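Please open the model in your viewer and keep the selection tool at hand for a short tour.

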Amino acid sequence: MEDTTKLNTSKLGTKEYWDNFYSVEKQNFEENSEDTGECWFADSDAEEKMVEFLLDNLGEYKIQDNCSMIDLGTGNGHLLFSLLEEGFKGALLGVDYSEKSVEFATEILDNKYSESENVKFVAADIFSEQWTPGEFDVVLDKGTLDAIALSGITFQDNKTVVDVYPKVIEKILGQNGVLLITSCNFTEDELIKIIETDSLKKWKSINYPVFEFGGMKGATICSVAFVKTSTK
Ligand SMILES: C[S@@+](CC[C@H](N)C(=O)[O-])C[C@H]1O[C@@H](n2cnc3c(N)ncnc32)[C@H](O)[C@@H]1O
């Protein structure tokens, strides 16, 4: 059977594409401070649903209003700003390999949330072995694994970025920490196949409206939460 977790490469998998993308968004923001950039999966209210999920599950595993969170491939940082507005007051770190993204998100932070000392943006490639940001209570990914999967990059032993992704999560997620990931390229079953390991287990998922076409049923995106259950 075809391995549907393997995607073709695309320009969305290149750093150059994202550098150009955030340069334009940054320029737009400088011209109009109301324009804080594109909110990925806004049609499906993904950001609202991810924030709501964390609010609904306060007290479960490591989810607290003061827990530490990292947003992988943070882009314009919108998800972290929403969490901030909803009262999450722990350390919120946005990481992105595009320096332009980090400059843009930091500019929004300085302009609109200058009192918020708990939010920070840093530039880093999450696959770099030198990248050691410590452990977090919650790891967030909105569309980043999707983009990463399109890069076609491979590592030692021909491992793809998708193969290595769970290792990155295991490295930065503390015991009983939660990964909440939203994807449009992978189904819930595919995400489980990619991410589950001895220590990372699927916990819950978010419901989205289901469409039906030609007798087939499906949702356009999915969000799945995984828990790190052991330190193995
Ligand atoms: C589809 S965008 C999603 C942006 C943001 N999460 C959102 O929801 O708006 C994917 C993001 O992942 C970032 N990215 C891709 N590969 C990365 C890597 N290896 N390390 C860090 N960031 C990466 C890109 O620069 C881009 O900002």
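The stops below begin at the ligand and move outward.

This is a predicted model, in which local features need pLDDT of at least 70 and side-chain atom pairs count only at pLDDT 80 or more, while totals for chains, interfaces and linings use all residues. Residues are numbered from 1 along each chain as its sequence is written, and side-chain values use heavy atoms, with hydrogens and water left out.

Select the ligand and its shell (residues with a heavy atom within 4 Å of it): 18 residues surround the ligand, the closest being Tyr 22, Gly 73, Asp 96, Asp 125 and Lys 142. Colour the shell by type and you will find nine nonpolar, six polar and three charged residues, where Ala, Val, Leu, Ile, Met, Phe, Trp, Tyr, Cys and Pro count as nonpolar, Asp, Glu, Lys and Arg as charged, and the others, Gly among them, as polar.

Next, display the polar contacts (pairs of N or O atoms within 3.5 Å). The side chain of Tyr 22 places an N or O atom 2.8 Å from an oxygen atom of the ligand, whereas nitrogen atoms of the ligand lie 2.7 Å from a backbone N or O atom of Gly 73 and 3.2 Å from a polar backbone atom of Ile 126. The protein covers 96% of the 600 Å² of accessible area that the ligand has on its own (Shrake-Rupley method, 1.4 Å probe).

Now highlight helix 1 (15–31) and helix 5 (144–149), each of which supplies at least two shell residues; helix 5 gives the most, with three. Helices here are DSSP runs of H or I, at least four residues long, numbered from the N terminus.

Terms used
Polar contact = N/O pair within 3.5 Å; in protein donor to acceptor, adjacent residues only side chain to side chain.
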